[in-house]
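Here are my notes on the model you sent over. Keep the viewer open and follow along point by point.

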Amino acid sequence: MTRHDTEATVFIIDDDASVRRSLSRLVREGGHAVETFGSAEDFLTALPTLGARPACALIDLQMPGLGGLELQEILMARACPCSIVFMSGNGSIEATVQAMRGGAITFLTKPIHDEDLLAAIAEGLDHHRRRLSASLQAEDIRRRIATLSDRERETMAWVITGALNKQIADRLDIAERTVKAHRSRVMEKMGVASVAELVRLCDAAGFSEAV
Amino acid sequence: MVDAASGRGHDAGRMNWITVIWSASMGACLILALMHLLVWCRDYRSLPNLVFPVIALGIIALGACELALMQCGSPESFLSIIRLGHLIFGIVVPASLLFIHFLFETGRLWLLLTAIGLRTAAVVVNYAAGGNLHFLSIETVEQVSFLGETVSIVGEAVQNPWVRLGQAAALCQMLYVADASLRLWRRGGTINRRRALWIGGNTVLLFLVGMAVTGLISAGLLRAPMLVSFPFFGMVLAISYEMSRELQRTARLAVALETSERRLSLAGSAGRLAFWEWDLARDSIWISEDGWEVFGIAPTGKLGIQAFMEHVHEGDRDWLGAVVRESIDTTGTYAAEFRMIPAGGGGTVRWLAAAGRIDRNAAGEPVLFRGVSIDVTAKKEAEAEAARQRSELALLARVSTLGALSGSLAHELNQPLTAILGNAQAGRRRLGAPQPDLTELGEILDDIVADTKRAGSIVHGMRAMFLRETAADLVTVDVNAVVRDSLALINSEIVARKGGVEFTPSPQPPRVMAGVVELQQVIINLVLNGLDAISQGDQPGKTPRVGIRVADQGDWVVVDVSDNGPGIPETIRGQLFEPFFSTKSARGGLGLGLSISRGLVERFGGTLEALPAVPGAGAVFRISLPAIDRKSGTCQTPPTKTTLAPKAET
C-alpha cells in the first residue's frame with residue numbers, strides 16, 4: 001500500500017483556468033500531487049500516459065465540448081484509471097443521480113469548502129487504491145488459473161460448485177481416481193488449502209463454473 | 001358774325017344740351033379719375049391706376065377747351081385755345097400709351113418712344129410755328145347750329161403744313177396700341193384676350209374716329225366744332241369698364257378671403273392651432289387670436305423673438321434657437337417640437353409642435369417667417385406613457401430571460417467564487433506552515449483580487465439587466481463591445497446548451513446611439529433563439545452554432561445573427577415579429593422576444609428583420625442601426641427633434 005501513496009495523484013478537469021489554479025493549490029496543501037486539464041478531451045488524450053496509480057479526478061460538470069457526465073461514461077467504459085468526484089455550480093438532481101449511478105464518489109457544489117474537498121479526495125483515492133489492489137489480486141489469480149490444464153480447470157469449475165469427486169467423475173466421464181489427482185493439482189497450483197479458499201479466489205477473479 | 005343758321009340758334013328758355021352733355025362727361029371723368037387715384041393711393045405699385053387719372057383729367061381739360069371754343073367769339077382766342085388743346089393732347093395721348101404699356105406689358109418700347117416722341121414734337125411745333133398745329137392763322141369765326149345751339153367754328157383759316165406731324169404721331173400711336181393688343185391676344189388667357197379686344201380694340205377704333213373727325217373738320221369738310229374729347233371719353237369708359245371688372249374680382253376675392261379666414265380661425269380654435277407670422281425686419285410676431293391661448297402667452301401688443309423665447313422651456317431654448325437660425329439661414333423650412341412654460345408659472349408644461357416656412361424677397365433675403373403651431377401635450381403624454389410601458393415590458397422580458405438563464409448565471413458567478421474560496425483556504429493552510437512562502441501567498445492574494453473583480457463585473461452586468469432604461473438613456477455605444485459583453489453574460493448558457501458562437505467583429509469600432517442594456521437584450525435574445533433553432537430541425541444531435549457578424553456599412557451598422565437550424569419558412573417570416581407568435585410552443589416560448597426586440601431596435605432608429613430564407617441555410621436576423629457620423633458626431637438619420645429634449649414633465 002505505501003508503495004502507491006507517493007504516486008497518488010489528483011486530476012483536476014475544469015475549463016476555468018483560475019478555478020484550476022486555486023483548486024490545485026488547495027489540493028497540494030492537502031499533500032497530493034496534482035495534474036490539471038482544461039477540457040475532457042485534453043484529459044482523455046493524456047490518459048494512456050498517466051499509468052496505473054491511485055488517482056482521483058475532480059471533474060467540472062459543465063464544460064464546453066465533452067461535459068463531465070460524458071467524460072465519466074467514457075472513463076467507465078475503460079478499466080477506470082481513477083475514481084471520480086464531480087464539481088458543479090449548478091447541479092441538477094438528474095445530473096447528480098446520473099453521476100452517482102455512474103459510480104462517482106460524491107458531488108461537490110461550488111464554491112467548495114476545503115474540508116469537503118479534501119475528504120472527498122481522500123475517499124476517492126482510498127476507493128481507487130482498493131480497486132487497484134483488488135484488480136492486482138485478481139490478475140494474480142487469473143495468472144494462476146492460466147497455469148491449469150483444461151481438464152484441471154473443468155474439475156475446478158465443478159469443485160467450486162461443491163460437487164463431490166464421484167459426481168465430478170460422472171459428469172466428466174472419467175475415473176474418480178483421476179478426479180482426485182486433478183483436484184490435488186488444482187489445489188496446489190492455486191496455492192489454497194481448502195475448497196472455501198478456492199471459491200473465494202475464483203470469485204475475486206470472476207471465474208465462473210463451467211456450463 | 002351771325003350766320004344764316006342763327007335763326008335756329010339758342011333760346012334762353014330751351015335746354016342747353018351741350019352744357020349738359022359736356023358737364024356730364026366731365027363729371028364722369030372726374031369721378032373715374034378720383035376713383036383710380038384712390039386705388040393707386042392704396043397700392044403704389046399699380047402704375048395703370050396712377051396713369052388713368054392723368055388721362056381722365058386731361059380729357060376734362062380737353063372738354064373744357066372744346067366748350068370754350070364753341071363759345072369763343074374772336075379768331076385770336078380760337079387760335080390760342082386750339083393751341084392749348086394740343087398741349088393737353090400732348091399729355092393725354094402719351095398717358096394713354098403708357099397706360100396700355102403698363103397694363104398690357106406687351107408693347108414694343110421703341111414704338112412707344114417713337115409715338116411719344118412724335119407727339120412731343122407735334123406739341124413743340126404747335127408752339128413754335130405761330131398759330132397752332134392745325135392753323136397758322138384764323139381769319140374768321142363762323143356760327144353753326146349744333147345740338148340745337150349756335151356754336152362757333154373756324155371760318156376762313158390758313159392750314160399749318162406741320163399738321164402732318166400730328167397725323168404721323170397719331171398713326172404711330174395706333175400702330176403701337178394695335179401691336180401691343182395683338183401680342184397680348186396671342187398670349188392667350190381669358191383676361192388677356194378680353195383686355196386686348198376691349199381696351200386695345202376700342203382705343204384703336206376711337207383714335208381712328210378722333211383722327212377722322214379732326215381731319216375732316218380741319219380740312220373744312222365737316223362744319224362742326226372740335227369733338228376730340230368724345231372719342232377719348234369713350235376710351236376712358238372702355239378702360240374704366242374693364243378696370244371695374246378688376247375691382248369686382250377684388251371684391252369677390254375679399255369676400256372669399258374673409259370666408260376662408262373665418263374657416264381657418266374656426267379650424268384653429270377647434271384644433272388648438274396657433275397661426276403666426278414673424279416679421280424678421282421689424283422683429284415683430286403676429287399670433288392669431290386663438291393662438292395666444294395655445295402658446296400660453298398673455299396677448300400683448302408687440303412680441304419680439306427674444307420675448308417669445310422667454311416663454312419657451314429653458315431646456316429647449318438653446319436648441320430651438322439653433323433650429324430657427326438654421327431654418328432662416330439655410331433650409332427655409334422649419335419643424336420642431338418644444339415645451340412652453342405655462343403662463344403665470346402655474347399648470348403643466350405644454351408641448352407644441354410647429355411647422356413653418358421662410359418667405360424671401362426678390363434679393364433672396366429672409367423677410368417673413370410664418371407657420372402654425374399645435375398643442376401636442378396630450379400626444380406627448382401618451383407617447384411618454386407608451387414609452388414607459390414599452391420599457392416596462394422590455395424589463396419584464398429581460399428579467400424573464402435572466403430567470404431562464406439563472407442556472408447558467410449561477411455557474412458563471414460560482415466559477416470566480418470557487419477560485420476565491422479555494423485560494424483563500426489554500427492561503428490559510430499555507431500560513432499554518434512553519435515557514436510560509438510569502439511569494440506564493442502574494443500570488444494567491446493577487447488571484448483572489450482578480451477573481452473578485454471578475455465576479456464583480458458579472459454581478460454588475462446582471463444587475464444592469466434588471467434596471468429600467470428610459471428614453472433619455474440613449475448613449476453612444478460601440479456595437480462590437482456590446483456584442484462581446486452580451487456573449488460574456490450568456491457564456492455559461494451557451495456551454496450548457498453545447499452550442500458554439502462565432503463572433504466576427506467589424507475592424508473599426510462601429511458607433512451608434514442606443515441603450516446598452518436594451519441592445520444587449522436584443523442580441524442575447526437572438527443568440528438564444530439561434531441556439532434553440534437546431535432543436536426544431538430534424539437533426540437534434542447536431543451542435544447548435546450561431547454566428548454574429550458586425551459590419552460597418554457607412555450610414556448603417558449591421559449586426560447579422562445567423563444559426564444552423566432549419567431556417568425560417570417564408571410563410572411565417574412576416575408573422576415572426578407579431579406579439580405572441582412562437583414556434584417554441586412546446587417549451588413555453590411566450591412569443592414576445594422578437595416583438596419586444598424589434599420595438600427596442602426601432603427606438604434606436606433602427607430596424608430588425610429576418611432576411612429571406614436561403615435553402616439549406618439557417619435563419620439570419622439582421623439588426624440595422626443608424627451609424628454615428630465620425631466627423632460630425634451626429635446620426636445620419638437623426639431621431640426626431642423630440643429625442644434631443646428630455647422626457648415630458650408630467
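1. Chain B first. The domain assignment splits chain B into three parts: domain 1 (4-250), domain 2 (268-375) and domain 3 (387-644). If you take the C-alpha centres of domain 1 of chain B and domain 3 of chain B, you'll find them 95 Å apart. Bear in mind throughout that this is a predicted model.

2. Now look for a sheet in chain B. Five strands make up an open sheet here, and going across you meet them in the order β11-β13-β14-β16-β15, with mixed pairing. Why do β11 and β15 of chain B each have one side without a neighbour in the sheet? β11 (500-504) and β15 (607-610) of chain B are the edge strands and each has a single partner, so the other side stays free of a neighbour in the sheet. On average, and ignoring direction, neighbouring strands of this sheet are turned by 15° against each other.

3. Zoom in on one strand pair of that sheet. As background, strands of a sheet pair through backbone hydrogen bonds, either parallel or antiparallel. In chain B, β14 (residues 556-563) and β16 (residues 620-626) run antiparallel and are joined by seven bridges. To get your bearings, find Asp560(B): opposite this residue, in β16(B), is Arg622(B). Then look for helix α18 (residues 593-603) of chain B, which lies across β15 and β16 of chain B and runs at about 145° to β15(B).

4. Over to chain A. The assignment gives two domains here, domain 1 (2-137) and domain 2 (147-205). The centres of domain 1 of chain A and domain 2 of chain A, taken over C-alpha atoms, are 42 Å from each other.

5. Chain A has an open sheet of five strands too, in the order β2-β1-β3-β4-β5, with parallel pairing. At its edges you'll see β2 (33-37) and β5 (106-109) of chain A, each pairing on one side only. The average turn between neighbouring strands of this sheet is 20°, direction ignored. Helix α2 (residues 17-29) of chain A packs on the sheet and touches β1 (9-13), β2, β3 and β4 of chain A. The direction of α2(A) makes about 165° with that of β2(A).

6. For one pair inside this sheet, try β3 (residues 55-60) and β4 (residues 83-88) of chain A: they run parallel, with five bridges between them. Asp60(A) has Met87(A) in β4(A) standing opposite.

7. Next, where the two chains meet. How many residues does each chain bring to the contact? Chain A brings 27 residues and chain B brings 26 residues. About 2200 Å² is buried between chain A and chain B, and carbon and sulfur atoms give 46% of that area. On the chain A side, check Arg25(A), Glu29(A) and Gln62(A): they supply 30% of the area that chain A buries against chain B, more than any other three residues.

8. Still at the interface, look at charges and polar pairs. Between chain A and chain B there are seven salt bridges. In one between these chains, the side chains of Lys498(B) and Glu70(A) meet at 3.5 Å, N to O. There are also 16 residue pairs in polar contact across the interface of chain A and chain B. Both α2 and α6 (114-146) of chain A supply at least two residues of the side of chain A that touches chain B. The largest share of that side, seven residues, comes from α2(A).

9. Over all chains, the structure holds 37 salt bridges. Take Glu152(A) and Arg185(A), whose side chains meet in a salt bridge of 2.8 Å, N to O. Glu152(A) sits in helix α7 (residues 150-159) of chain A and Arg185(A) in helix α9 of chain A, so this pair ties together parts that are 33 residues apart in sequence.

10. Finally, two backbone details in chain A. Lys110(A) and Pro111(A) are joined by a cis peptide bond, with omega about -10°. You'll find Pro111(A) in the loop between β5 and α6 of chain A. The other detail is Asp173(A), a residue other than glycine with a positive phi, near 60°. Asp173(A) is in the loop between α8 (165-172) and α9 (176-190) of chain A.

Methods. Residues numbered from 1 in each chain as written. Chains lettered and ligands numbered in written order. Predicted model: local features only at pLDDT ≥ 70, side-chain atom pairs only at ≥ 80, totals over all residues. Heavy atoms only, no water. Domains from an automatic or database assignment. Pairing = 2+ DSSP bridges. Helix = DSSP H or I, 4+ residues; strand = E, 2+ residues; numbered from the N terminus. Axes fitted to C-alpha atoms, helices over the stretch in contact; angles between N-to-C directions. Contact = heavy atoms within 4.5 Å. Buried area = accessible area lost by both parts, 1.4 Å probe. Salt bridge = Lys/Arg side-chain N within 4 Å of Asp/Glu carboxyl O. Polar contact = N/O pair within 3.5 Å; in protein donor to acceptor, adjacent residues only side chain to side chain.
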